[in-house]
2 protein chains.
Amino acid sequence: MTLTVTNDRNLPDEALDRVFHALSDRTRRALIARLLEGPASVKELADPFPVTLPAIGKHLRVLEAAGLMHREIRGRTHICSLTPEALSDAASWLQTYRMFWEESLASLANEAERKEGD
Amino acid sequence: MTLTVTNDRNLPDEALDRVFHALSDRTRRALIARLLEGPASVKELADPFPVTLPAIGKHLRVLEAAGLMHREIRGRTHICSLTPEALSDAASWLQTYRMFWEESLASLANEAERKEGD
DNA sequence: GTAATTGTAAACCAATTGGTATACTATAAC
DNA sequence: GTTATAGTATACCAATTGGTTTACAATTAC
């Protein structure tokens, strides 16, 4: 297998940097998980977490900057919703490597099986 | 769609933190891309990059800590190879959200088409 | 043996991170 | 109009990051 990866799709590096960085924090991943159930205000999002509102505010801006989330301001509350495109970009990048790891995992499994058979 | 995400698979948070963090740097992603073509020594990996060898050494340790890479020491050279499991873990996490974003993207496309038709 | 090569270790640096507390703005409720 | 609520802004903090330079250890080549 020689899969010459030339950064095909033009997902710019900066965008991928931001998306993967956004996903690298467990609080932000939990926020995404919560938003998956539907839109929510900043307060609602912050409540389950042991950190202050400003901290959650920062996390939300990181998610927004990565294009993973957007907000609609309604009076004094900000309604946050997931934006699917950016997540899809990250998945696309990983997709490039899917063939590699599936094949690798398969051969690892075969090897294990072969040893089992000894 | 109400996909109640309860962190099903037991990919521990720390592991996902490390994997996504490892992927959040473009130099490290490029190193992964290079390793996809086959194992390589630290020197070979470092050569194409405009940074020093110790810097690449650090990146490789980050990849190793994330479980994305391993090395076999042969004399004075370290032969680095990808480890597929960790990448697969990241992909699995994203997979959880696949249904969401595919549906969302589809409805966005529909909307665009509908507007086109006006 | 001496010199070159491969790589890590350690010390340092500026920038970023995730968090806080406090102050503030703006909307909503009474 | 006063008070409570939702959220941001700012200033600060300690820890981490990505990079450097210099020094070092170990293997290989001559």
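Which strands of chain A does helix α2 (residues 26–36) of chain A lie across? The helix crosses β1, β2 and β3 of chain A, and runs at about 90° to β3(A). Axes here are lines fitted to C-alpha atoms, for helices over the stretch in contact, with angles from 0 to 180 degrees between N-to-C directions; contact means heavy atoms within 4.5 Å. Helices (H or I, at least four residues) and strands (E, at least two) are DSSP runs, numbered from the N terminus.

Before going on, a few ground rules. This is a predicted model, in which local features need pLDDT of at least 70, side-chain atom pairs count only at pLDDT 80 or more, and totals for chains, interfaces and linings use all residues. Residues are numbered from 1 along each chain as its sequence is written, chains are lettered from A and ligands numbered from 1 in the order in which they are written, and side-chain values use heavy atoms, with hydrogens and water left out.

Back to the sheet of chain A. Its 3 strands form an open sheet in the order β1-β3-β2, with antiparallel pairing. Two strands count as paired if DSSP finds at least two bridges between them. β1 (40–41) and β2 (69–74) of chain A are the edge strands with a single partner each, so one side of each has no neighbour in the sheet. Between β2(A) and β3(A) there are 6 bridges, and R74(A) sits opposite T77(A) in β3(A). α4(A) also packs on the sheet, touching β2 and β3 of chain A, and its direction makes about 120° with that of β2(A).

Over in chain B, take helix α2 (residues 26–36). There, 8 of the 11 residues are buried, so the helix is largely enclosed by the rest of the structure. Buried means under 20% relative accessible area, exposed over 50%, and partly exposed in between (1.4 Å probe, protein chains only). Among the buried ones are L31(B), I32(B) and L35(B), but also R28(B) and R29(B). At the start of α2(B), a side-chain oxygen of D25(B) comes within 2.8 Å of the backbone nitrogen of T27(B). After α2(B) comes G38(B), with a positive phi near 140°.

Now for the DNA. Strand D is surrounded by 22 residues, the closest being K43(A), R71(A), T52(B), K58(B) and H59(B); a residue is near a strand if one of its heavy atoms lies within 4 Å of it. Base oxygens of strand D are 2.7 Å from a side-chain N or O atom of R76(A) and 2.9 Å from one of R76(B). A polar contact is a pair of N or O atoms within 3.5 Å; within protein, one must be able to donate a hydrogen and the other to accept it, and residues adjacent in sequence count only if both atoms are side-chain atoms. On the backbone side, a polar backbone atom of H78(A) is 3.0 Å from a phosphate oxygen of strand D.

What about DNA strand C, and which residues are closest to it? They are T52(A), K58(A), H59(A), K43(B) and R71(B), out of 22 that surround the strand. Sugar and phosphate make up 70% of the strand C atoms within 4 Å of the protein. Even so, a base oxygen of strand C is 2.2 Å from a side-chain N or O atom of K58(A). Phosphate oxygens of strand C are 3.3 Å from a polar backbone atom of V42(B) and 2.9 Å from one of H78(B).
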